[in-house]
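Work through the exercises below with the model open beside you. Try each task before you read its solution.

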Amino acid sequence: MAIQDFIVSVSESKLVQAFLFAALFTGIYKITNLTLSLGALLADIFVLPATNFSKYGAKKGKWAVITGASDGIGKEYALQLAKKGLNVVLVSRTASKLEALADEIAAKYGVEAKYVAFDASTDAPANYELLRESIAGLPVTVLINNVGQSHSIPVPFLETEEKELVDIITLNNTVTLKITQIVAPLIAETVSDKSSKGLILTMGSFGGLLPTPYLATYSGSKAFLQQWSAALAGELKPQGIDVELVVSYLVTSAMSKIRRTSATIPSPKAFVQSTLASVGRRGGAQERYATSTPFWTHALMHFGIENTVGVYSSVANKLNFSMHKSIRARALKKAARNKKD
């Protein structure tokens, strides 16, 4: 009886009732918010139609500038934007590859294609001046920031060679920002007549989404791009320029060193198709402004991590640590075998 009396007295307490109502309201709010976010995710990646690039000047004589354009993801951006009807400026290090790609694009899609041989690893003033001169006067509406570098293999930060550290920050951050400062004013000028909108896409990474031990410098450089890109989006939106960070897990490429595709590791072609089709939508990045995780499995992974353990949790950090420690061990063993051979 004493327990029953206690329960009755507690249940009649206004303070307890208020607490229970608050808990109920909070639970309903969280469930509703999760349900709506999940619905938006599924609509973004499976239901809504592909973005129409005519609003960014496709088939209207406008230009796209693509960095890291000679191979992999950058090459696919160039091919697919040209297919949509944008003229392209290809920016990368190897002139011979760029020339061949420019000829292929012009012949296949009937658009104009220019190229700029730009060795981003040097951060040389002459490179930026050449780019500025090469695009001067062009009605540019699109910039794809695709240049980047990761570590050769996972490595503890305290053992990271200074050159590798500097190269990663230079390519992923300094060069990206400087190129954007050159190209964005042209985009703003082009779209000032309101006949089309502008677009700046910057390649992000799960390495920047999740703090990643053994890839600390790369992880930090990509996290920087997240904050910079979202801030830039706020600044340029009033000028009619859309800015998005594109988050990806692994894609088959020279940088990832993965050649075989799978459900979670698409080819550059499949990844770029999903990215361009979903411009303006968040995919798996429902909690982030001016950010998209477009490829369907990456989107589900991002959403799942964010809504379970959380991207900044100790659990996610420990899992990342174990995974990349294991990858490093295998890479070192392989290097040792190759050295013996």
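The exercises cover two annotated residues, a helix pair and some backbone angles.

The model is predicted: local features need pLDDT of at least 70, side-chain atom pairs count only at pLDDT 80 or more, and totals for chains, interfaces and linings use all residues. Residues are numbered from 1 along each chain as its sequence is written, and side-chain values use heavy atoms, without hydrogens and water.

**Exercise 1. Place the residue listed for "active site" and find its contacts.**

Step 1. Start from the record. An unreviewed UniProt entry lists Tyr 218 for "active site". UniProt positions follow the numbering used here, feature names are shortened, and annotations may be inferred rather than shown by experiment.

Step 2. Find the element. Tyr 218 sits in helix α8, residues 216-236. Helices are DSSP runs of H or I with at least four residues, strands are runs of E with at least two, and both are numbered from the N terminus.

Step 3. Check burial. Tyr 218 has a relative accessible area of 7%, so it is buried. The cut-offs are under 20% for buried, over 50% for exposed and partly exposed in between, with a 1.4 Å probe and protein chains only.

Step 4. List the contacts, meaning heavy atoms within 4.5 Å. Leaving aside neighbours within four places in sequence, Tyr 218 touches Gln 149, Ser 150, His 151, Ile 168, Asn 172, Ser 205, Gly 207 and Met 255.

**Exercise 2. Do the same for Ser 205, covered by the annotation "binding site".**

Step 1. The annotation comes from an unreviewed UniProt entry.

Step 2. Ser 205 is in the loop between β5 (198-203) and α7 (206-209).

Step 3. Its relative accessible area is 11%, so Ser 205 is buried.

Step 4. Beyond neighbours within four places in sequence, Ser 205 contacts Tyr 218, Lys 222, Val 246, Val 247 and Ser 248.

**Exercise 3. Describe how α3 and α9 pack.**

Step 1. Take the geometry. Helix α3 (residues 72-84) and helix α9 (residues 268-277) pack at about 50 degrees, and their axes are 9 Å apart. Therefore α3 is oblique to α9. Axes are lines fitted to C-alpha atoms, for helices over the stretch in contact, and angles run from 0 to 180 degrees between N-to-C directions. Under 35 degrees is roughly parallel, over 145 roughly antiparallel, 65 to 115 roughly perpendicular, and the rest oblique.

Step 2. Name the residues. From α3 come Gly 72, Ile 73, Glu 76, Tyr 77, Gln 80, Leu 81 and Lys 84; they meet Pro 268, Lys 269, Phe 271, Val 272, Gln 273, Thr 275 and Leu 276 of α9.

Step 3. Look at burial in α9. Pro 268, Phe 271, Val 272, Ser 274, Thr 275 and Leu 276 are buried there. Their cover includes α3, β5, β6 and α10 (296-306).

**Exercise 4. Which value of phi do Lys 194 and Lys 257 have, and where do they lie?**

Step 1. Recall the background. Most residues other than glycine have a negative phi.

Step 2. Take Lys 194. Its phi is positive, about 70 degrees. It lies in the loop between α6 (162-190) and β5. At 64% relative accessibility, Lys 194 is exposed.

Step 3. Take Lys 257. Its phi is also positive, near 65 degrees. The residue is in the loop between β6 (241-246) and α9. Lys 257 is exposed, at 54% relative accessibility.

**Exercise 5. Is Ile 28 buried or partly exposed, and how far is its C-alpha from that of Thr 122?**

Step 1. Ile 28 lies in helix α2, residues 14-47. At 48% relative accessibility, Ile 28 is partly exposed.

Step 2. The two C-alpha atoms are 54 Å apart, with Ile 28 and Thr 122 separated by 94 residues along the chain.
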